[in-house]
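Colleague: I would like a close look at a single part of this model, please. Start from one residue and work outwards, in one connected account.

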Amino acid sequence: MTINAAGTQTLHLTGLRFDANLGILDSEKTAPQPILVDAELNLGTQPLRPRDDDITHVLDYRKVRQIIIDECTAEHVNLLESLIGKLAQRLMRLPGVLGVRVKIAKLEIFDDCEVAIRVEAGQW
C-alpha cells in the first residue's frame, strides 16, 4: 500500500473586514467605508507535511493578510473592479501561488444589500 506524500493545497482567508477608500459617491470620496475580503490562493501540489515546522518554508498567511489590507488601503480607488484587479495581480506575484480567487464586498453602499465582485485568475 502506497501513501501519497503530497496533495493540492489552497490557502483561504475569509471574512477579513476593514475600511478602504473606495467608490465614486461623494460620501465614499470623503471617508473610508467598510469592506469584506475573502481570498483563496492555489498553492498547487505541496507535501502533506512541510520538511520541518518552520514558517519560512511555507507561505506565511500573516503576510498575505497584510498585503490584502495594504493593497486595499494604499490609495482611493473609484471602482471595485479596479481594486479587485489590482489585488488579484498582487497576490498572483507571491512565490508559489498558481491561482487566486478574490471576493470584495462593499458592506454599506446600500441600505438593503451588499455589493460584491469576485475574480478568479491563474490556475484552478
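Modeller: Happy to. Let's begin with I104, which sits in strand 3, the run of residues 99-106. Keep in mind that this is a predicted model. I104 counts as buried because its relative accessible area is 0%, and the cut-off for that label is under 20%. From there we can reach across to R62: the two are 42 residues apart in sequence, and their C-alpha atoms are 19 Å apart in space.

R62 takes us to a pocket. It is one of the residues that line the second largest pocket, together with I55, T56, V58, L59, D60, K63, V64, L94 and P95. The volume of this second largest pocket is about 170 Å³. Sorted by class, its lining comprises six nonpolar residues, three charged ones and one polar one.

Two of those names lead on to the largest pocket, which holds about 340 Å³ of space. V58 and L59 are among the five lining residues closest to its centre, the others being Q9, Q46 and H57, out of 15 that line it. Strand 1 (6-20) and strand 2 (33-47) are the elements that each contribute two or more residues to this lining. In terms of class, the largest pocket is lined by nine nonpolar, five polar and one charged residues.

For a second reference point, take A121 in strand 4, residues 115-122. A121 is labelled partly exposed because its relative accessible area is 23%, and that label covers the range between 20% and 50%. Its C-alpha atom is 9.3 Å from that of G85, although 36 residues separate them along the chain.

Side-chain contacts come next. R101 lies over the face of W124, with 3.8 Å to the ring centre. Pairs of aromatic rings, on the other hand, number zero in this structure.

What about the cysteines, and why are there zero disulfides? The sulfur of C72 has its closest cysteine sulfur in C113, at 20 Å, so the gap is too far for a bond; a pair would need to be within 2.5 Å to count. Seen from the other side, C113 is in no disulfide either, with the sulfur of C72 as its nearest at 20 Å. Their surroundings can be described too. C72 is buried, given a relative accessible area of 1%, whereas C113 is partly exposed, given a value of 37%.

Finally, here is the frame that holds these pieces. The protein chain has four strands and three helices, and from the N terminus on they follow the order β-α-β-α-α-β-β. Along the principal axes, its C-alpha atoms fill a box of roughly 65 × 25 × 20 Å. Of the 124 residues in the chain, 34% are buried; I104 is one example, at 0% relative accessible area, and C72 is another, at 1%.

Methods
Residues numbered from 1 in each chain as written. Predicted model: local features only at pLDDT ≥ 70, side-chain atom pairs only at ≥ 80, totals over all residues. Heavy atoms only, no water. 1 Å grid on protein atoms, 1.4 Å probe; cavity = no way out; pocket = protein on both sides within 12 Å on 5 of 7 lines; lining within 4 Å. Points joined across faces, edges and corners; volume = space filled by probe spheres on them. Nonpolar A, V, L, I, M, F, W, Y, C, P; charged D, E, K, R; others polar. Phe/Tyr/Trp six-rings, centres within 6.5 Å; stacked < 30°, edge-to-face > 60°. Lys NZ or Arg CZ within 6 Å of the ring centre and 35° of its normal. Buried < 20%, exposed > 50% of the residue type's maximum accessible area, 1.4 Å probe, protein only.
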